[in-house]
Amino acid sequence: MKAPKFNYIRAESRQQALELLDQLGEDGRILAGGQSLMPTLNMRLSQPGTLIDINKVTDLSGITLEDGIVRIGAMTRHVEVANSPIIAENLPLIAEAMQHVAHHAVRNRGTIGGSIALADPAAEMPACVLALGATLVVESINGRREIAAEDYFKGLYETARAANELLVEILIPAEKSDNVSVFLELAQRHGDFAMAGLACVARVSNKTFEELRLVYFGSEDRPTLGAGAIAAVVGQTWSAECKEAAANALADDLDPMTNLQGSAAMKLHLQKVLTGRALDAAIERAEAV
Amino acid sequence: MNKETPLTLLDKPNSYVGRTLSRDAAKRAVAGRGRYTDDIMPARTLHAAFVRSPYGHAKILSIDVEAAKQQQGVALVMTGAELAEMCTGPWVGTLVCFDGMKSEPQHPMAIDRACWQGEPVVMVVATSRAEAEDAAELVTVEYEELPVVIDKETALDPGTPIIHPNLGDNLAFEKTIETGDVEKAVAEADIVIEDTFTFGRHTAVSLEPRALLAEYDPGTERLTIHTSSQCPHMIQAVFARTLGVPEHNVRIVAPDVGGSFGLKIHTFGDEIAATAAAIKLARPVKFIADRLESFATDIHARENRVKGRIAVTKEGIITSMDIDVRSGAGAYSQYPRTSVFEANQILNITGGPYAHENYRASTQVVYLNKVPTSQYRAVGHPIGNTVGESLVDQAAAACGIDPMEFRRRNVMRDDSYPRISAAGIEMRDLSHQQCLETLVDRMGYDALLEEQAEYRKKGIQRGIGIAAFIKGTAPGPAGYYGAGGAPISSQDSCTIKLEPSGGVICMVGVTDQGQGVDTVMGQIAAATLGIPMESVRVIEGDTDAVPYGGGTYASRATAIGGEATYQAAMMLRAEILEIAGVLLQAEPDTLDILDGHVVDKGDSASRISLAEIGRIGHFQVAELPNHIQHTLSATYRFRLKDALYIFTNGIQGAYVEVDTDTGFIKLLNHWVIEDCGRVINPQLADEQVRGGCVQGLGGALYEECVYDSAGQLQNATLADYLVPMAGEMPDIEVAHIQTHTGVSELGAKGVGESGTGAAPAVVMNAVNDAIRPFGGKVTAQPMSPETILKALGKV
Ligand SMILES: Cc1cc2nc3c(=O)[nH]c(=O)nc-3n(C[C@H](O)[C@H](O)[C@H](O)COP(=O)(O)OP(=O)(O)OC[C@H]3O[C@@H](n4cnc5c(N)ncnc54)[C@H](O)[C@@H]3O)c2cc1C
């Protein structure tokens, strides 16, 4: 478990990182927090020729709020997101989800950009940005490109980001004050990648879901919108029947992967359970406001 | 404490024995000053990496090492055939005490055929581990895949390939023990319960992996090996014999050892290979297993399927038990302790707390194309206890009797020892009844039952589990190793010396892996001699320094090594008092030692210090009469006489909550009442029990080495092989009943495995209690969410 030889370049600026990415093509690999990349190097699962370290590119990190849009730099560490008052106030879904991301040591190094660039199917941040209708901003020497979260996640560890593009920031509309959000996940040990999980954002009035987004992760090859389940619930007064209809619709929304954590059937079952629980919680939270 | 036990020096007020003291090594470890094998870096050290079989079973057609040899930094590339030339012969992992057992001879690295994925095939030695790994990637091995045997159930079926054709079949060992008349008991019983239990493969996952640094000096022909080991003398014997180096020229040093759990009582081919490289190159060679290698080559354990049956009267009295165990070993029987111990131990201990007299237990241990299996903490006990205690619970439910009450009616009575168990083993000094009543009290059993009922009304499913257990500790010479032919000592010794300064050096054969064995030995020595702890230095883990001994395994260090230390200290004490008597013109038996000074019995005024005795005894011997020729040192060697083990006993309780929609189990509370005889250091004993429980809970809930049908290990990382973490673990309340063992004066029994042995049983019983109203029942471990959901019919 020693990494094969590789070159290492510490980019001093965003521009330098973009130039290196362009020159090196597939052979170059961005090093952000290293929490996912380093293990794959040590296990010789990937053998990039050159690591481009962006840890010193200061304008890639930070959290700001402008015109109702929260802007999170790609190099912002999980710990900063977790502790940010801007996030707590404007993106409670992300604040809630952060509690499930790994452990302290990993959160101190790992970055939100790394998580979204990698697109692990069981990671929390990709599901959150899809649920919140975020825009992912990538840049290459040819310029800047904005990709809607819907169009970004393409498959297992596959995204719409091109090899010469750097993920630079994530733009997320602040959650509206009359919205509620709920984040649920099941992992056998706290901090593990999810077996099944769900990010839910809703507008509820009078026990009725007026708007709803349900994004599933852990079970699918990418964060997945539960279109059928949403349709079964929106406009309906929340009830046991409604809960069952949402669960039933999920069978068509999802196509769970069997892996060591369990069978596809179990994961579908868990997502159904989480759906009911998340919607119950959404109603409860809406009433508490 | 047992009323019949006479008071000894150890029972004095303020004795170090029975007192919590922190471990010496803990202070160094938290200061970052631990010194593990990998921290030792002699000049010119080389590093070994291995090309390992990527297949579960394959013929090796050709090996091309030329490209690897050309790599920068590479000092040696060695194949299995080349290594075999440096060895006296292959290992055969059998012991004569296991009648009829067979195993194929095994070379340290595969030669013509690899029989499990991960078996070493070629060793590369280079100036760094990274360079060795780079070069290893350039070795080309041509394989022809052979059919694999993966499923233990079909391993003996006609038509299943035979892994080692010379053996005639895939059977390693079979055995049946039978006492009384099980069939008659079953025929006459009011209720008979039968069930089948399955257990996944586990591995030990010590924090510090296997590690070895071998140095050979061609000038003195001495071989020195620093290695993360529990048994330096066994390593000395096996390595000397395998590599043809005289045993007395081999020095084994176990520096700080970061956990072991049985893993480090075995010998591994890659370690022999690295040592051979050190001899061949006359340079230090280091091999540190990385985490991938640990999963793929450390011994595995626990893969068993057990069919069990219990017969009871309607009054709730057990009349018989019988079990049939199919045990899945690896491709070879592990040398030198074998791969059949676990199954044998399951036969020994299942149903062990109970007084029934009809018992039949049989096993077949079969070879599979997987990593070899062997001893791992609480060998066999998690399985035997789970089977026995689940059957007991099911029988209690069938009788309509509370499971605590059912056990109360069936455990061996505290006043009935010595006696022979249904498995034919002598039991003495046990306390099942006292432990059970203590558990009732500690759990607040009746209140807990009420609380559970209240939660049920709210739709929250909580379960209460109970599991009584016995635990074989400190095996004696009549048992397996010495008698079985392996070079493993079942006695242990202590040499203790008074230094001129009045300080004491205490050298013991037992070893420390982080549990505090050295501190415990120091406490015994200090208490016996009447000196401050600071005056004692304990030396362990160095075959050049310590008297011959078995080391630490099978919960033996305190029970065996502790008695040796106590007796050696008593001998040294007698010498000191004799010299003091001469110098003070007093009868030695009127004198005592208190805080490093000889005093008159019952008085605390110093008459002469131990420093003065040390000074005179070593430098001014002319002051002593000629007949006083004391060496101011003593050695005592302790062994059991006829007993197979010093058995201990106890009972565990668990309180869990099961989410019946998700199959998730929450561990709420856990209790262990156990009887390890005399407790030397309460905190260390408690933490052994707690750590042991956690390891058992890991196996019950999370851990499994998963193989696919081609013999590929699927989860050789800590991301995929889940070990328990603090966040999910319950509080574990521990209490000790102290029935001293009659086989030693110290009275201590083993404690290190008692948590592990019954934790899986008690948590499975608790889970089944929680889901019983839904008709669910789990009999497979690990109890993953999917296992629970399936038991509930939800997926
Ligand atoms: C024990 C452990 C537990 C974990 N548990 C969780 C968990 O529960 N949930 C979870 O979400 N994650 C978990 N992680 C992963 C962790 O959150 C990672 O830090 C994260 O997924 C990747 O972020 P990073 O900054 O470390 O990226 P790196 O490891 O540095 O990079 C990951 C990949 O993304 C690429 N990359 C990184 N940044 C950019 C960028 N700005 N533009 C383009 N490409 C980029 C890299 O080239 C690389 O391919 C865990 C990790 C560990 C070690």
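What follows is a walk through the domains, interfaces and ligand surroundings of a two-chain structure with a bound ligand.

This is a predicted model, so to read it fairly: local features need pLDDT of at least 70, side-chain atom pairs count only at pLDDT 80 or more, and totals for chains, interfaces and linings use all residues. Residues are numbered from 1 along each chain as its sequence is written, chains are lettered from A and ligands numbered from 1 in the order in which they are written, and side-chain values use heavy atoms, with hydrogens and water left out.

Start with chain A, which splits into domain 1 (7-53), domain 2 (58-173) and domain 3 (179-288); domain bounds here come from an automatic or database domain assignment. The C-alpha centres of domain 1 of chain A and domain 2 of chain A sit 19 Å apart. In terms of contact (heavy atoms within 4.5 Å), 13 residues of domain 1 of chain A meet 17 residues of domain 2 of chain A. Together these two domains bury about 1,300 Å², with 63% of it on carbon and sulfur atoms; buried area is the accessible area (1.4 Å probe) that two parts lose on being put together, summed over both. On the domain 1 side, R14(A), L18(A) and Q35(A) supply 46% of the area buried against domain 2 of chain A, more than any other three residues.

R14(A) turns up again in the charge pairing. Between domain 1 of chain A and domain 2 of chain A there are 2 salt bridges, a salt bridge being a side-chain nitrogen of Lys or Arg within 4 Å of a carboxyl oxygen of Asp or Glu. R14(A) pairs with E139(A) in a salt bridge whose closest N and O atoms are 2.6 Å apart. Helix α1 (residues 14-24) of chain A gives the most to the side of domain 1 that touches domain 2 of chain A, with 7 residues; helices (H or I, at least four residues) and strands (E, at least two) are DSSP runs, numbered from the N terminus. By class, that side of domain 1 of chain A has 5 nonpolar, 4 polar and 4 charged residues, where Ala, Val, Leu, Ile, Met, Phe, Trp, Tyr, Cys and Pro count as nonpolar, Asp, Glu, Lys and Arg as charged, and the others, Gly among them, as polar.

Now the ligand. It is surrounded by 30 residues (each with a heavy atom within 4 Å), and the closest are I30(A), G33(A), G34(A), T111(A) and E124(A). Several polar contacts involve the backbone; the term means a pair of N or O atoms within 3.5 Å, and within protein one must be able to donate a hydrogen and the other to accept it, with residues adjacent in sequence counting only if both atoms are side-chain atoms. A backbone N or O atom of I30(A) lies 2.6 Å from a ligand oxygen atom. A polar backbone atom of L167(A) is 3.0 Å from a ligand nitrogen atom, and one of G191(A) is 3.1 Å from a ligand oxygen atom.

Next comes the meeting of the chains. Here 30 residues of chain B are in contact with 24 residues of chain A, and the two chains bury about 2,300 Å² between them, 59% of it on carbon and sulfur atoms. F664(B), M725(B) and E786(B) supply 21% of the area that chain B buries against chain A, more than any other three residues. The rule finds 5 salt bridges across this interface. R44(A) and E137(B) form a salt bridge, with the closest N and O atoms 3.3 Å apart. There are also 12 residue pairs in polar contact between chain B and chain A (both at pLDDT 80 or more). Two or more residues each come from α4 (129-136), α8 and α20 (785-791) of chain B, and α4(B) has the largest share of that side, 4 residues.

Inside chain B, domain 2 (37-146 + 205-297) and domain 3 (300-412 + 422-477 + 642-791) have C-alpha centres 35 Å apart. They bury about 2,900 Å², 63% of it from carbon and sulfur atoms. F98(B), F261(B) and F295(B) supply 23% of the area that domain 2 of chain B buries against domain 3 of chain B, more than any other three residues. No salt bridges cross this interface by the rule, the count being 0, while 14 residue pairs are in polar contact (both at pLDDT 80 or more).
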